[in-house]
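Biologist: I'd like to learn how to read a structure like this one, feature by feature. Could we start with a single residue and work outwards?

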Amino acid sequence: MYTNKLFTEITVGSALAKYDGEHIDEDILLIEDVSKLPLPDEPRRMNSILVGLCLKGTAQYNVDTVVHTCTANCVILVSTAQVIDTYKLSDDFQGVGFLLSPHFFSEIAKEVHELAQLFLFARNHPVSQLLPEEANAQL
């Protein structure tokens, strides 16, 4: 786990304190409506893994000072130790997602090698566009 406390960390537990979603302990939190998440007004370091799917509208955010824009049918992934900030959601934004604790992810990934490779790929490609039928299949 990254221990530099220069930035406040986003964990499953800290998200649960602000968003009342379905969850398993502090291991995984389902986010049924990303637009209802209270977005911080300062940079935060991830001590969790965020996976999201944009259903409608646009989202813009920075990951490690790189600007990313997500539109309908985009999948986003923000990994542990990355710093996120400058969040902007369009008025018509709709999205779903989940947060995983690093421990929970490790337990899953050690049994599914393809999943670990997917997250390695996603670290270098944090926004991926899906075809509409692929996005609908994920819901």
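**From single residues to a sheet**

Modeller: Happily! Take Lys36, which counts as exposed because its relative accessibility is 60%. Buried means under 20% relative accessible area, exposed means over 50%, and partly exposed lies in between (1.4 Å probe, protein chains only). Before we go on, note that this is a predicted model, where local features need pLDDT of at least 70 and side-chain atom pairs count only at pLDDT 80 or more, while totals for chains, interfaces and linings use all residues. Residues are numbered from 1 along each chain as its sequence is written, and side-chain values use heavy atoms, leaving out hydrogens and water.

Biologist: Which side chain meets Lys36 in a salt bridge?

Modeller: Side chains of opposite charge can pair when their charged atoms come close. We call it a salt bridge when a side-chain nitrogen of Lys or Arg is within 4 Å of a carboxyl oxygen of Asp or Glu. Here the partner of Lys36 is Asp33, at 3.5 Å from N to O. Asp33 is partly exposed, since its relative accessible area is 22%.

Biologist: How many salt bridges does the structure hold?

Modeller: There are 2. Besides the Lys36 pair, Glu42 and Arg44 form a salt bridge through their side chains, again with 3.5 Å from N to O. Glu42 is partly exposed because its relative accessibility is 35%.

Biologist: And Arg44, is that residue buried or exposed?

Modeller: Arg44 is buried, because its relative accessibility is just 17%. Arg44 belongs to strand β4, residues 44-46; strands are DSSP runs of E with at least two residues, helices are runs of H or I with at least four, and both are numbered from the N terminus.

Biologist: What does Arg44 touch?

Modeller: Contact means heavy atoms within 4.5 Å. Leaving aside residues up to four places away in sequence, Arg44 touches Phe7, Thr8, Ile10, Gln82, Val83, Ile84 and Tyr87.

Biologist: Now the strands. Which strand does β6 join by 5 bridges?

Modeller: Two strands pair if DSSP finds at least two bridges between them. Strand β6 is joined by 5 bridges to β7 (residues 66-70), and the two run antiparallel. Ala59 faces Cys70 of β7 across this pairing. The two strands make a hairpin with 2 residues between them, and Asp64 in the turn has a positive phi of about 50°. Strand β6 also pairs with β9 (residues 83-89), antiparallel over 4 bridges, with Gln60 opposite Lys88.

Biologist: Why is β6 largely enclosed by the rest of the structure?

Modeller: Because 4 of the 5 residues of β6 (59-63) are buried. Look at the sheet order too: β1-β4-β9-β6-β7, an open sheet of 5 strands with mixed pairing. Its edge strands are β1 (8-10) and β7, each pairing on one side only.

Biologist: One last residue: where is the place of Glu111?

Modeller: Glu111 is in the loop between α2 (102-109) and α3 (113-124). With 61% relative accessibility, Glu111 counts as exposed. Try finding Tyr87, a residue that Arg44 touches: Tyr87 is 24 residues from Glu111 in sequence, and their C-alpha atoms are 34 Å apart in space.
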